[in-house]
Amino acid sequence: MNEQEKQFLIRFPPDVAEKVKKIAATGEDSSRLGIEFSEDGRHATVHCNGKVMAGKLVDLPCIIESHKTVDKKILYKTGDISQMMVCTHDLDGSQVEQPKDLRNLSSSKRKEVMKEFQWKDRKSG
């Protein structure tokens, strides 16, 4: 059995998203995109086409399956996506919270802190 790929979505600011779409559509050098995770694994520095952004990995309200095809007829499942990296131009941390050390927190406090990493579904508020 093949191991599934580890995947997550990336949500870029609109101006960067247009550039990423062009890179993906034309097959340009994808090395212009890079992600460096912090020690907590929830915060990152994202590099895209010379721009540096802050990123926060959040949990999605449901799991999404991803697929790929080689012949445009048969789909192969490649993974389950349950997280999204939300990128912002703001690097000073005012829009993306700073990492927190969860190891020394009680169970109830840890659950409260982890709620900040849940993406709020627009239907549920």
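## Buried, exposed and in between

A residue counts as buried under 20% relative accessible area, as exposed over 50%, and as partly exposed in between. With a relative accessible area of 36%, aspartate 15 is therefore partly exposed. Please keep in mind that the structure shown above is a predicted model.

## The fold at a glance

Let us start with the overall layout. The protein chain has 2 helices and 5 strands, and their order along the sequence is β-α-β-β-β-β-α. The chain has 125 residues, of which 24% count as buried. Its accessible surface amounts to about 9300 Å², and carbon and sulfur atoms hold 52% of that area.

Contacts across the sequence add to this picture. Taking the contacts between residues at least 6 apart in sequence, 57% join residues that are at least 24 apart.

## Two hairpins in a row

Strand E2 covers residues 33-37 and strand E3 covers residues 43-48; the two pair in the antiparallel sense, with 5 bridges between them. One of the bridge pairs puts leucine 33 opposite cysteine 48 of E3. The hairpin of E2 and E3 has 5 residues between the strands, and there glycine 41 adopts a positive phi near 75 degrees.

E3 also has a partner in E4: these strands run antiparallel and are joined by 6 bridges. Here histidine 47 has valine 52 in E4 as its bridge partner. The hairpin of E3 and E4 has 2 residues between the strands, and asparagine 49 has a positive phi near 55 degrees in it. As background for reading the strands, side chains in a regular strand alternate between the two faces of the sheet.

## The nonpolar cores

Which residues make up the largest nonpolar core? There are 10 of them: Phe12, Val16, Ala17, Ala44, Val46, Cys48, Met53, Leu57, Met85 and Cys87. At least two residues of this core come from each of helix H1 (14-26), E3, E4 and E5. The most generous contributor is E3, with 3 residues. Apart from this core lies another one, of 5 residues, including Leu60, Ile81, Met84 and Val86. This is a good place for a general remark: in soluble globular proteins, nonpolar side chains tend to be buried together.

Phenylalanine 12 is a handy residue from which to explore the larger set. Leaving aside residues up to four places away in sequence, phenylalanine 12 touches Ala17, Val20, Leu33, Val46, Cys48, Met53 and Cys87. Cys48 also appeared above as the bridge partner of leucine 33.

## Salt bridges

How many salt bridges does a search of the whole structure find? The search gives 5. In general, side chains of opposite charge can pair when their charged atoms come close.

One of the salt bridges is formed by aspartate 15 and lysine 51, whose closest N and O atoms are 3.3 Å apart. This pair links distant parts of the chain, with aspartate 15 in helix H1 and lysine 51 in strand E4, 36 residues apart. Like aspartate 15, which is partly exposed, lysine 51 counts as partly exposed, at 30% relative accessibility.

Another salt bridge joins arginine 42 to aspartate 59, with 3.1 Å between the closest N and O atoms. Because arginine 42 lies in the loop between E2 and E3 and aspartate 59 in strand E4, the pair ties together parts 17 residues apart in sequence. Is arginine 42 buried or exposed? Its relative accessible area is 12%, so arginine 42 is buried, while aspartate 59 counts as partly exposed at 21%.

Lysine 77 and aspartate 80 also meet through their side chains, in a salt bridge of 3.0 Å from N to O. Both residues are partly exposed: lysine 77 has a relative accessible area of 36%, and aspartate 80 has 37%. These two belong to a network of salt bridges that links Glu65, Lys77 and Asp80.

## A nonpolar patch on the surface

To finish, let us turn to the outside. Val70, Ile74 and Tyr76 form a nonpolar patch on the surface, and together they have about 330 Å² of accessible area. Where is valine 70 found? Valine 70 sits in the loop between strand E4 (51-69) and strand E5 (75-88). With a relative accessible area of 75%, valine 70 is exposed, because exposed residues are those over 50%.

Key
Residues are numbered from 1 along each chain as its sequence is written. This is a predicted model: local features need pLDDT of at least 70, side-chain atom pairs count only at pLDDT 80 or more; totals for chains, interfaces and linings use all residues. Side-chain values use heavy atoms; hydrogens and water are left out. Helices (H or I, at least four residues) and strands (E, at least two) are DSSP runs, numbered from the N terminus. Buried means under 20% relative accessible area, exposed over 50%, partly exposed in between (1.4 Å probe, protein chains only). Contact means heavy atoms within 4.5 Å. Accessible areas come from the Shrake-Rupley method with a 1.4 Å probe; for residues, only the protein chains shown count as cover. Patches are made of residues with over 30% relative accessible area and no salt bridge: like charges are joined within 9 Å, nonpolar side chains (Val, Leu, Ile, Met, Phe, Trp, Tyr) within 5 Å. A salt bridge is a side-chain nitrogen of Lys or Arg within 4 Å of a carboxyl oxygen of Asp or Glu. Two strands pair if DSSP finds at least two bridges between them. A nonpolar core is a set of buried Ala, Val, Leu, Ile, Met, Phe, Trp, Tyr and Cys residues joined through side-chain atoms within 4.5 Å.
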